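Dear colleague,

I am handing over the structure below, and the notes after it set out what was found around its ligand. Please read them with the model open.

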Amino acid sequence: MITLLQGANYIGGKWINDTGEVFEDRNPSDTNELLGTFPRSREQQANLAVAAARAAFPAWRSLSRINRAEFLDTFVQLVKSDKDELARIISRECGKCIAEARADVVEGIHTAQYWFGRARTPSGEVLASEIPEKDSYVYRKPKGVVIAITPWNFPFAIPLWLICPSLVEGNTVVLKPAEETPLIAQCLIEYFEKAGLPAGVLNLVQGYGEEAGWPLVTHPDVDTVLFTGSAQVGAMIKEACAKDYRKFCVCEMGGKNAMIVCDDADFDLAVNAAIMSAFRTTGQRCVSVERLIVQRGIFDRFVAGFVEKARQLRIGDPLDENTFMGPLVSASGGEKFEYYNELAVKEGARVLLDGGRMTEGNYGRGHFFRPFVYTLEHDSRSRVLREEVFGPHVAVMPFNTLEDAVRIYNDSEYAFALSVCSRDYRKIRAVRNLCDFGVGYVNLPTIGAEVHLPFGGLKKSGTGMPSAAGLIDAVTHRVSWTVNHDTEIRLAQGLSGGISE
Ligand code: NAD
């Protein structure tokens, strides 16, 4: 289907390549493979895209909510028939294993289906008034122009989490995808074009964050910024939006997620859940676990079982259905991983798996690494126990009482994904009530979210306004609307409606 070498921006319904400069898109499993070149956009392209979105807004908002959502249904029909091809593009572009890449496409489809269906459900509320002749409503209005800035690790699903609610609620959108995954972003926009979405309703600006993303974030004619990515960039975006009286932002960011494994846990289930949480997507999920908090009674046995399994994971070509772990996404991702592995040693880690770079044979052409696993006593001052590495880097820490486990778990600036493995409902309930998290699991890995559930974190992980289904509040204003059915004016709180002359 799509063999693309020269990508373009999509602005006002036209594919445009006017930057003069491009950036390269390479396969992280084999950096010799060039997948395409894409426009290195800057302020000029950002301005054009915002102007196109603004121009398309009046006509788009005037369609019915159901008519707007019908474009998502057409989009889904088109994507479904190309699901496998799209998954292969994702695998080649960001190194995700093919099954996970397929799941990324399926999650995108589910998101579009969810919002298509939701268009026929109530979007506001009917409330009582103090005055019997009045009807009061809460009515949702679109915000206007929405900027969606997205990360590379769910390059199909996450843009759709942000685009679908925005469009259904009547906003127009500019998407700035991650520079690691411009090709799949271009494909996604092509499907909306084929679905007949009117010009300017959804625009695409490719490029680097500081050059293409920042002019969109700071543009004075933007109403809402939806950002998913690292806490560092999210903090800058929050600050910039706070300075603009009309701008609203939602930033969903990283995690330093943990799994609490109690003595009474189903042992094999807990080990498997830990392996999936730590190494699926090569540890590069916002919900990946980098801290395993394990009760002392089973600590040694758990560490041995976990290390044994981690040692045997199949690392290799993500297009091979049998591969469990592909490469890291980029050279800089590899450098960051190595930096934190060295830091762990300096901070006193007992290293059990070395996290070494794999250079033999085909591995040498990509960013392949083995898992890095170590044990360490919890210490609040340790940076490796606090900072997000975003790779297969895992600390295993012992705890004595459940109170200790909760304290260790909460000793983090992040609060995103949590799993607890236990057979004791009292412990499970205590963990739910006392730990800070946004996405919690019991006797499960921290991966496997579904689009109708809230997905977002607290503290440094998010703004408490979860992605996907929860985004409706970010892309609409809730206004009150009161209608009088009497011929007299009657006011609330006993205030007279008469005028004395
Ligand atoms: P990143 O923060 O480096 O980049 C995310 C996006 O922001 C990219 O499109 C990038 O170009 C853009 N960007 C970078 N600097 C910018 C700037 N100055 N102005 C405007 N835009 C800018 O993140 P990444 O490496 O693509 O993704 C990994 C991070 O995303 C991890 O921290 C991960 O935990 C997080 N993440 C969070 C969620 C979630 O739902 N909370 C989901 C996936 C990934």
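On a 1 Å grid over the protein atoms alone, a pocket is an open set of points with protein on both sides within 12 Å along at least five of seven lines, and a molecule sits in a pocket if more than half of its atoms lie within 2 Å of its grid points. By these criteria the ligand sits in the largest pocket. The elements that give two or more residues to the shell around the ligand are α5 (157-168), α7 (209-217), β10 (224-228) and α8 (231-242), where helices (H or I, at least four residues) and strands (E, at least two) are DSSP runs numbered from the N terminus.

This is a predicted model, in which local features need pLDDT of at least 70 and side-chain atom pairs count only at pLDDT 80 or more, whereas totals for chains, interfaces and linings use all residues. Residues are numbered from 1 along each chain as its sequence is written, and side-chain values use heavy atoms, with hydrogens and water left out.

Of the 29 residues around the ligand (a heavy atom within 4 Å of it), K176, E179, S230, M253 and E388 come nearest. Domain 1 (42-253 + 462-481) and domain 2 (257-442), with bounds from an automatic or database domain assignment, both contribute to this shell, so the ligand lies between them.

As for polar contacts (pairs of N or O atoms within 3.5 Å), a polar side-chain atom of S230 lies 2.6 Å from a ligand oxygen atom, while a polar backbone atom of G209 is 3.3 Å from an oxygen atom of the ligand.

With regards

Terms used:
A polar contact is a pair of N or O atoms within 3.5 Å; within protein, one must be able to donate a hydrogen and the other to accept it, and residues adjacent in sequence count only if both atoms are side-chain atoms. On a 1 Å grid over the protein atoms alone, a cavity is a set of points where a 1.4 Å probe fits but cannot get out, and a pocket is an open set with protein on both sides within 12 Å along at least five of seven lines; lining residues have an atom within 4 Å of a point.
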